[in-house]
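Open the model in your viewer and keep the sequence panel beside it. Each stop below gives a selection to make, followed by what is found there.

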Amino acid sequence: MPELSLTRHDGVARVTIDRPQRKHAWSAPMWAEMADLMGKCAEDDSVRVVLVTSTGDRVFSAGADLEQFGGADTAAVRASVEGVESVMASIEACPKPVVAVVSGAAVGAGTEVAAACDIRIASDRAWFSIPAAILGIVITRSDIARLVRGVGASIARDMLLTGRRLTAVEAQQIGFVRSIHSCDQLDAAAMDLATEIAALDGPALAAMKAHLNTLGDVAWNEESWTSTLEAITSAATQKRIAARLGDA
């Protein structure tokens with residue numbers, strides 16, 4: 001079974017993460033595939049809106065699979081970071097509105113992907129966290145900027161500097177999540193929202209999304225990755241990653 005799939009029907013594209021054996025964690029090849037799928041959605045004139053979903057109702061995504069970072073040299077880490085950033089950039093570059101349908105826990109890169117999307121809806125089981133500091137990982141400046149754009153500076157500081165989990169209810173209260181639904185109603189709610197968006201003027205939506213993307217300070221360049229590369233390849237972080245992989 002593919003770990004990522006793309007389906008299209010009546011103007012709605014659905015990109016589905018399906019790697020339940022690893023809690024929908026992103027492997028290195030998945031980053032490239034996701035960016036490719038987003039590019040296909042961007043180029044397909046029949047697509048009016050994109051849903052990013054996952055199978056099951058417990059986990060949206062457990063984040064980046066640590067196997068791509070454990071024991072990795074700088075070149076390998078750089079390739080993985082470039083993969084992560086290419087996905088976020090492809091979501092933002094897609095001229096169609098992209099909706100994250102968060103069915104459960106969104107951890108690390110799971111929250112980062114959700115933050116890169118234009119709109120988020122969630123199940124009542126969903127929560128968001130970026131516990132990178134537990135392992136000594138530093139997320140990129142651009143991903144921090146996206147988080148700040150989504151949750152606000154104060155809550156972003158709280159999440160990144162304490163590892164705090166943001167519940168679905170808290171996320172809705174601050175506007176990060178548009179609406180909350182029971183697990184059995186989440187997909188229907190996503191389709192209702194997608195249908196509403198698909199009925200709007202596509203060029204107008206694309207133009208407004210482009211303007212919105214200029215409002216946040218999101219710089220996708222190597223300078224913004226320096227501390228991330230140094231942190232992941234440090235001896236202390238590699239030791240923590242190896243211990244975590246040993247417990248998996």
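The tour goes through strands, a helix, charged pairs, cysteines and aromatic rings.

**Before selecting anything**

This is a predicted model, in which local features need pLDDT of at least 70 and side-chain atom pairs count only at pLDDT 80 or more, while totals for chains, interfaces and linings use all residues. Residues are numbered from 1 along each chain as its sequence is written, and side-chain values use heavy atoms, with hydrogens and water left out.

**Stop 1: a four-stranded sheet**

Select β4, β6, β8 and β9. Helices (H or I, at least four residues) and strands (E, at least two) are DSSP runs, numbered from the N terminus. These four strands form an open sheet in the order β4-β6-β8-β9, and the pairing is mixed. Two strands pair if DSSP finds at least two bridges between them. Strands of a sheet pair through backbone hydrogen bonds, either parallel or antiparallel.

Which strands are at the edges? They are β4 (59-61) and β9 (166-167), each of which pairs on one side only.

Now keep β6 (residues 105-107) and β8 (residues 127-129): they run parallel and are joined by three bridges. To see one bridge, select A105, whose partner in β8 is W127.

**Stop 2: strand β7 and its partners**

Select β7 (residues 119-123). Four of its five residues are buried, where buried means under 20% relative accessible area, exposed means over 50%, and partly exposed lies in between (1.4 Å probe, protein chains only).

Add β5 (residues 98-102), which pairs with β7 in the parallel sense over four bridges. Here A100 stands opposite R120 of β7. Then add β10 (residues 179-181), which is parallel to β7 and joined to it by three bridges. The partner of I121 in β10 is S179.

**Stop 3: helix α9**

Select residues 202-213. This is helix α9, with 12 residues; from its first C-alpha to its last it reaches 16 Å, close to the 16 Å expected at 1.5 Å a residue. The expected span is 1.5 Å times one less than the number of residues.

Now show the side chain of D201. One of its oxygens reaches to within 2.9 Å of the backbone nitrogen of A204, at the start of α9.

**Stop 4: salt bridges**

Side chains of opposite charge can pair when their charged atoms come close. A salt bridge is a side-chain nitrogen of Lys or Arg within 4 Å of a carboxyl oxygen of Asp or Glu. How many salt bridges does this rule give? The count is 15.

Select R22 and D65, whose closest N and O atoms are 2.9 Å apart in a salt bridge. R22 is in the loop between β2 (12-17) and α1 (28-43), and D65 is in the loop between β4 and α2 (74-93), so the pair ties together parts that are 43 residues apart in sequence. R22 is partly exposed at 27% relative accessible area, whereas D65 is buried at 3%.

Add E67. R22 forms a salt bridge with E67 too, with the closest N and O atoms 4.0 Å apart. E67 is exposed, at 53%.

Next, select R146 and E92, which meet in a salt bridge of 2.9 Å, N to O. R146 belongs to helix α5 (residues 141-151) and E92 to helix α2, 54 residues apart. R146 is buried, at 1%, and E92 also counts as buried, at 13%.

To finish this stop, select E3, R19, R22, D65 and E67, which are joined into one network by salt bridges that share partners.

**Stop 5: cysteines**

A disulfide is a pair of cysteine sulfur atoms within 2.5 Å. By this rule there are zero disulfides. Select C94: the nearest cysteine sulfur, that of C41, is 6.1 Å away. C94 is buried, with 1% relative accessibility.

Why does C183 form no bond with C117? Its sulfur is 19 Å from that of C117, the closest cysteine sulfur, which is too far for a bond. C183 is partly exposed, at 26%.

**Stop 6: aromatic pairs**

Rings of Phe, Tyr and Trp (its six-membered ring) pair if their centres lie within 6.5 Å; planes under 30 degrees apart count as stacked, over 60 as edge-to-face and the rest as tilted. The structure has two such pairs.

Select W26 and W31, a stacked pair with 4.7 Å centre to centre and 5° between the planes. W26 is buried at 0%, and W31 is buried at 1%.

Last, select F128 and F176. Their ring centres are 5.3 Å apart and their planes lie at 80°, so this pair is edge-to-face. F128 is in strand β8 and F176 in the loop between α7 (168-173) and β10, so the pair ties together parts 48 residues apart in sequence. Both residues are buried.

Technical notes:
Polar contact = N/O pair within 3.5 Å; in protein donor to acceptor, adjacent residues only side chain to side chain.
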